[in-house]
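Got your viewer open? Load the model and get ready to click along.

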Amino acid sequence: MRRIEVTCILCPVGCRLTVTEEDGEWKVEGYGCRRGLAYGLEEAQNPSRVLITVIPVDDGELPVVPVKTSKPIPKNLLLKASKALAGLRVKAPVRLGQVIARNLLDLDVNIVATRSIKARRDRVEADGQK
Amino acid sequence: MPTRRVDLLVVGGGPAGLAAAARASELGVRRVVLVDERRWLGGILPQCIHPGFGLHRYGRDMTGCELAEKLIDRVSSLDVDVYTEAHTVRMGYESYLSKTAEVLTPRGAFRFRAKTVVYAAGARERTCFEAGIVGSRPAGVYTAGEVQEMMDVWGILPGREAVVAGSGDVGLIVARRLTLEGVKVKAVVELMPYPGGLLRNVVQCLEDYQIPLLLSHVVLAVEGSKRVESVLVAEVDENLRAREETVKRIPCDLLVIAVGLIPRVELLAGAGAMIDPKTGGPVVNEFLETSLPGVFAAGNALVINDLVEHAMEQGELAAESAYRFIEDGGFRSASWKRVRVGDGLRFVVPQLLAGFRDVKLYLRASSPSENARLLIPELGKSVRLRSVRPAEMITLTLKAEDVLKAERLTVKLV
């Protein structure tokens with residue numbers, strides 16, 4: 001039998017859920033509402049999170065651009081995915097929503113920029129106008 | 001110094017200030033000026049690269065950066081005159097329809113004469129000095145916000161082995177960011193017996209990565225000559241005093257200070273606004289107007305918020321109030337009732353009510369409890385709350401007619 005402890009985060013109550021699996025039968029205990037039941041199952045069967053990090057930018061107004069995965073990825077792959085992105089660089093300008101890398105770790109998720117970064121030249125021009 | 005006459009001056013370009021400027025411009029307020037001291041707008045949003053923003057308001061989960069760009073685009077599309085890298089030196093109250101602000105900008109120094117002001121200058125982080133941490137002061141002691149900006153705006157990794165003092169939301173989020181970049185976070189140390197941040201952050205930032213949370217513990221001292229080499233941590237007793245026999249040394253090269261935020265009210269106080277020692281922000285009425293007529297406050301400068309939506313709705317309410325103030329030449333006089341803060345609560349905002357409009361109260365609990373009731377005895381009002389946490393703001397909307405008929409108002413949590 002597998003037994004997984006989950007803290008529900010859907011509201012401030014923070015129910016402590018115990019999710020057990022035996023011969024393919026899943027059981028959740030300790031939940032306070034229906035949403036908590038669903039959350040407990042999801043967290044036990046398929047816990048996933050959006051990964052966020054920053055990627056170095058060449059010739060940008062700022063040296064890095066923040067990025068996220070286009071979908072949540074399995075929780076146990078977060079650190080591996082973060083490592084896989086080491087070495088990735090992007091050239092300015094970068095647009096909000098721009099795809100920086102495709103199909104991370106064959107998970108069918110992309111890495112997208114969450115901030116626009118102008119090219120450094122733009123910055124110099126902006127200063128020159130002052 | 002050249003003088004510029006404006007209808008609305010917004011001080012601060014974070015979520016509250018941006019929301020205020022946009023709302024005021026959309027309502028038809030002319031001559032709206034927004035000043036911010038930083039190079040880019042958005043306040044702390046651009047350094048918040050994590051999701052969790054705007055879910056309640058836009059129905060989709062955005063990162064802080066994404067929300068910032070959305071808010072900045074909205075203001076850019078409107079007739080708002082924006083000054084960045086603009087430092088407000090002084091604010092003053094000249095008369096009912098004239099408030100002054102002296103501002104140094106790259107376009108020169110200006111004295112603004114404004115009919116109304118929305119003050120949304122945000123908060124600052126409490127420092128290691130305020131946390132009472134003694135010892136040496138080597139490199140490697142930063143506030144959580146500084147670490148965020150270093151890593152996520154400038155791409156600098158501030159250390160290899162970290163201890164986080166305090167468990168406020170920014171500290172929890174930084175602990176996760178450090179971990180994902182390969183930094184070993186050895187402990188998050190919290191003085192109180194409960195965490196300072198939102199539950200979702202405790203779970204998704206600490207539990208997800210098995211980062212130890214030491215409740216009822218305190219960072220006593222920093223050790224190291226050039227660089228942080230270790231910190232001393234101890235358990236505290238029920239009076240929050242360190243128990244000497246429990247002192248232990250944790251080797252690390254980075255100490256992150258995440259012990260809370262304080263509203264930045266120096267300019268407001270300098271102009272004569274009354275400050276509430278409970279919130280650290282100004283005393284305001286249901287229009288979010290401070291004790292200076294026509295000067296409104298919003299966002300973390302008003303009260304430390306835990307959700308960006310609250311900061312934005314305060315900005316919008318302040319803008320609507322400024323619009324009314326300009327149109328009507330001020331508000332009708334009223335007998336303001338001071339809301340008394342009873343047992344179980346740290347503060348209430350707004351502090352003064354008259355019953356002109358329905359009003360949303362923001363309240364913070366003193367300690368965690370289950371099955372609590374929020375009471376306003378004078379109104380016979382009782383709201384059952386299944387669970388309250390000091391980290392999660394309680395909100396309650398009161399009807400104007402109820403406020404109008406009450407002689408006194410007291411809020412308490414039992």
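This short tour visits a pair of helices and then the place where two chains meet. Keep in mind that you're looking at a predicted model.

**Stop 1: two helices in chain B**

Select residues 144–152 of chain B, which make up helix H4, and then residues 169–180 of chain B, which make up helix H5. They pack at an angle of about 35°, and their axes are 9 Å apart. The crossing of H4(B) and H5(B) is left-handed.

Now show the side chains. On the H4(B) side, look for Ala144(B), Gly145(B), Val147(B), Gln148(B), Met151(B) and Asp152(B). Facing them from H5(B) are Val170(B), Gly171(B), Ile173(B), Val174(B), Arg177(B) and Leu178(B). Colour this contact by class and you get seven nonpolar, three polar and two charged residues.

**Stop 2: where chain A meets chain B**

Zoom out and colour by chain. Here 32 residues of chain A are in contact with 33 residues of chain B. About 2800 Å² is buried between the two chains, with carbon and sulfur atoms giving 58% of that area.

Next, hunt for charges: there are four salt bridges across this interface. For one of them, select Lys75(A) and Asp208(B), whose closest N and O atoms are 3.3 Å apart. You can also look for polar contacts between the chains, which come to seven residue pairs.

Which parts of chain A should you highlight on the side that touches chain B? Try strand E5 (52–58), strand E6 (64–69) and helix H2 (78–84), since each supplies at least two residues there. By class, that side of chain A has 17 nonpolar, seven polar and eight charged residues.

Definitions and conventions. Residues numbered from 1 in each chain as written. Chains lettered and ligands numbered in written order. Predicted model: local features only at pLDDT ≥ 70, side-chain atom pairs only at ≥ 80, totals over all residues. Heavy atoms only, no water. Axes fitted to C-alpha atoms, helices over the stretch in contact; angles between N-to-C directions. Helix = DSSP H or I, 4+ residues; strand = E, 2+ residues; numbered from the N terminus. Left-handed = near helix turned anticlockwise from the far one by under 90°. Contact = heavy atoms within 4.5 Å. Nonpolar A, V, L, I, M, F, W, Y, C, P; charged D, E, K, R; others polar. Buried area = accessible area lost by both parts, 1.4 Å probe. Salt bridge = Lys/Arg side-chain N within 4 Å of Asp/Glu carboxyl O. Polar contact = N/O pair within 3.5 Å; in protein donor to acceptor, adjacent residues only side chain to side chain.
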